[in-house]
Amino acid sequence: MRFAGKYWLAGMAFWVGAITAGAQPGDPACTGGVVKDDGSPETGWGWIPSVIEGQYVQQFHSGELPTRNLETVCICWLRTSTDWELDFEVVFYRDVAGEPASTPFAAIPATATPVGEGVAGGRFFAVDVSGVRIPFGTFYLGARWNASADPFFFLCADTSPATAPVNVFYIDDRADEWTSVFDSADPIFIPHRAIMVRAVASERAEIEIPTLGHTGLWILGALLGAAALGLLAARRLSLCCTTTRSVSARCGAGGLPNGSRPRSGGAPCPGAVAGQPVDLNAGSRAPEAALPAPDRAL
Ligand SMILES: [Ca+2]
């Protein structure tokens, strides 16, 4: 079914390309960031109206951006329909073996309106994507939209020979894998250079918070567990050794809780007798002298 989309795309691309070219970027927010196009579309890539989820994504690299915290993505749209409002999503994919992953790591819904008609009407729309943090290395950024709900919208494409070629992948809901425009047999992609998608990242320096990783977390957990057990044992021993009545029933020989075994070499609590109250001062305090008999003198 992908062939149907591509053949239709070829026809539309030719027709759209016949319209006067030369649209300007338009939105001042889209003049910075990572720019891979020359700012003027010569055609546009779209999908047949039966496609529910069509996507085009362009290759980027984290090293092209000042930080990994994105702020804005700009996407240029044009149309050949009477409807000028397009609902779409800005999508971000990690790289897996040289191509986009199967699912995006971020998808930001947006609406472009009013989308201009024909190539001359192509203009950028800025989308706030603050909060999206890109991975290190190669990643992919582009758009997906429902061509059955919003037909005859096109993502602006730059085919100017002076533009350095950038890898772009496409897929629709009936395909099970991405296709690179460089590997595509479709002749419409022969003049391809770039799709008009730009990324702007925060200029503020990042503060990297070190993490322990799985091994570090395991070691930390084991140490915390051992420390907790040690504190619990010390508290039990302390209760037995400092209470003379209320806790005495829980204390056994050696001042340890009943049912527990004293550790090897451990000294019992002073004065501890199995099943009997424990007096911390026993043994260190002289026995009290017998009280004198009450004075019975009248
Ligand atoms: Ca161009």
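**Figure 1. W77 faces L155 across the pairing of strands 3 and 9.** W77 stands opposite L155 in strand 9. The model is predicted: local features need pLDDT of at least 70, side-chain atom pairs count only at pLDDT 80 or more, and totals for chains, interfaces and linings use all residues. Residues are numbered from 1 along each chain as its sequence is written. Strand 3 covers residues 70-79 and pairs with strand 9 in the antiparallel sense over 3 bridges. Strands (E, at least two residues) and helices (H or I, at least four) are DSSP runs, numbered from the N terminus. Two strands pair if DSSP finds at least two bridges between them.

**Figure 2. Strand 9 is largely enclosed by the rest of the structure.** Strand 9 spans residues 153-158, and 6 of the 6 are buried. A residue is buried if 20 or more other C-beta atoms lie within 10 Å of its own, exposed if 12 or fewer, and partly exposed in between; C-beta atoms are placed from the backbone. Strand 1 (residues 43-45) runs antiparallel to strand 9, joined by 3 bridges. There, T43 stands opposite A157. Strand 12 (residues 194-195) is also antiparallel to strand 9, through 2 bridges. A157 faces I195 in strand 12. In the loop between strand 8 and strand 9 sits F152. Its phi is near 70 degrees, a positive value in a residue other than glycine. F152 counts as partly exposed because it has 19 C-beta neighbours inside 10 Å.

**Figure 3. The largest nonpolar core has 54 residues.** V73, I75, W77, L141, L155, C156 and I195 have the most contacts inside this core. Strand 3 gives the largest share, 7 residues. A nonpolar core is a set of buried Ala, Val, Leu, Ile, Met, Phe, Trp, Tyr and Cys residues joined through C-beta atoms within 7 Å. In soluble globular proteins, nonpolar side chains tend to be buried together. Leaving aside neighbours within four places in sequence, V73 is in contact with V90, V127, V129, L141, V197 and A199. Contact means that the C-beta atoms of two residues, placed from the backbone, lie within 7 Å.

**Figure 4. Strand 4 pairs with strands 6, 8 and 5.** Strand 4 covers residues 86-96. Its pairing with strand 6 is antiparallel, over 7 bridges. L86 stands opposite A112 in strand 6. Strand 8 also pairs with strand 4 in the antiparallel sense, over 7 bridges. Here F88 faces W145 in strand 8. Strand 5 runs antiparallel to strand 4, joined by 2 bridges. The bridge partner of D95 in strand 5 is P100.

**Figure 5. A97 lies in the turn of a hairpin.** Strand 4 and strand 5 form this hairpin, with 2 residues between them. A97 has a positive phi of about 55 degrees although it is not a glycine. A97 is exposed because 5 other C-beta atoms lie within 10 Å.

**Figure 6. A cis peptide bond joins T113 and P114.** Omega is about -5 degrees. P114 lies in the loop between strand 6 and strand 7. Strand 6 spans residues 106-112.

**Figure 7. V132 is a buried loop residue.** V132 sits in the loop between strand 7 (123-128) and strand 8 (138-145). V132 counts as buried because it has 20 C-beta neighbours inside 10 Å. Not counting residues up to four places away in sequence, V132 touches L70, F92 and A106. N69 is 63 residues from V132 along the chain, yet their C-alpha atoms are separated by 6.2 Å.

**Figure 8. The mean pLDDT of the protein chain is 77.** pLDDT is the predictor's confidence in each residue, from 0 to 100. Of the residues in the chain, 65% reach 70 or more. Over residues 240-257 the pLDDT is below 50, and this stretch has 48 contacts in the model beyond near neighbours in sequence. Residues 262-291 also have pLDDT below 50; this stretch has 41 contacts in the model beyond near neighbours in sequence. The protein chain comprises 2 helices and 13 strands. Buried residues make up 35% of its 298 residues. Among contacts between residues at least 6 apart in sequence, 78% join residues at least 24 apart.
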